[in-house]
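Trainee: I am new to this structure and would like a close look at one part of it. Please take the salt bridges and the residues that form them, and place them in the fold as a whole.

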Amino acid sequence: LVMALSAGAPTPAAVDDVPVGRVTVDIVSANGSGCPVGTTEVEVAADNSEFALIHRSYVAKVGAGAGATDFRKNCQITLNVKVPSGYTYGIIRADYRGRISLAAGAQAWQGANYYFQGDSVTVKRIHPFQGPMRDDWATSDTVEPGAVVYAPCNEQRYFNINTHLRVSAGTSGQAASWISMDSPDRNPNSRYRFAWKRC
């Protein structure tokens, strides 16, 4: 995970020094085959500890019934994160979950990268899965507390999250395989944990 550096570095806050004012996270845009228009929502925890994304149409698949481009799905989310005055934020942890069904010989990958508007540096994380398997899956991208980089103080920059799911038939032939990160029950399938500092 990566946050933009600022010339005026924020000063550390206590671990429990979370802003009490309202934190808002709004989707500016959601583009990609994994998040068609109107299928993604965002929620912010009442205690300002994290925000979550809910996808309702995010499945990559191969084999019987799959289209030529269904093997890879992605979603580029641009977020407007507004925090109380005097604070800035970083992201210390991202958690993802979904379901998976892979035939023997098939493989799948879940990945993400994160960056601020105007920042050319990104960090990419990729998690592999090997068939045969049919189960729920969960992955986490974490940063050590001392390595979290924070958003610039007193600047408003959009935060971008680019996720993808990919499946390869490998040696499984035409057997159906898929990996999903959708949530028909509207329970969040990706969560992003805030780290806070005072400016």
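Mentor: Among contacts between residues at least 6 apart in sequence, 80% join residues at least 24 apart. This is a predicted model, and everything below is read from it. The protein has 13 strands and 0 helices, so the pattern along the sequence is β-β-β-β-β-β-β-β-β-β-β-β-β, each β being a strand as DSSP assigns it. Of its 199 residues, 46% count as buried. The protein exposes about 9,600 Å², and carbon and sulfur atoms supply 49% of that area.

Now the salt bridges. The structure holds 7 of them, and three are described here.

Begin with the pair Asp182 and Arg99, whose side chains meet in a salt bridge at 3.0 Å, N to O. This pair links distant parts of the chain, with the two positions 83 residues apart: Asp182 sits in the loop between β12 (177–180) and β13 (190–198), while Arg99 belongs to strand β7 (residues 87–102). The two partners also fall into separate accessibility classes. Asp182 counts as buried because its relative accessible area is 14%, under the 20% cut-off. Arg99 has a relative accessible area of 34% and is therefore partly exposed.

The second pair is Lys73 and Asp70, with a salt bridge between their side chains at 3.8 Å, N to O. Here Lys73 is buried, at a relative accessible area of 14%, and Asp70 is buried as well, at 16%.

Lys73 leads on to another residue, since His164 touches Lys73. His164 lies in strand β11, which covers residues 159–168. With a relative accessible area of 15%, His164 is buried. Leaving aside residues up to four places away in sequence, the contacts of His164 also include Tyr58, Arg72, Asn74, Trp109, Gln110, Gly111 and Ile126.

The third pair is Glu155 and Arg157, a salt bridge in which the closest N and O atoms are 3.2 Å apart. Glu155 has a relative accessibility of 44% and so counts as partly exposed. Arg157 is partly exposed too, with a relative accessible area of 25%.

Put side by side, the three pairs read as follows. In Lys73 and Asp70, Lys73 is buried and Asp70 is buried. In Asp182 and Arg99, Asp182 is buried and Arg99 is partly exposed. In Glu155 and Arg157, Glu155 is partly exposed and Arg157 is partly exposed.

Key
Residues numbered from 1 in each chain as written. Predicted model: local features only at pLDDT ≥ 70, side-chain atom pairs only at ≥ 80, totals over all residues. Heavy atoms only, no water. Helix = DSSP H or I, 4+ residues; strand = E, 2+ residues; numbered from the N terminus. Buried < 20%, exposed > 50% of the residue type's maximum accessible area, 1.4 Å probe, protein only. Contact = heavy atoms within 4.5 Å. Areas by Shrake-Rupley, 256 points an atom, 1.4 Å probe, with all protein chains shown as cover. Salt bridge = Lys/Arg side-chain N within 4 Å of Asp/Glu carboxyl O.
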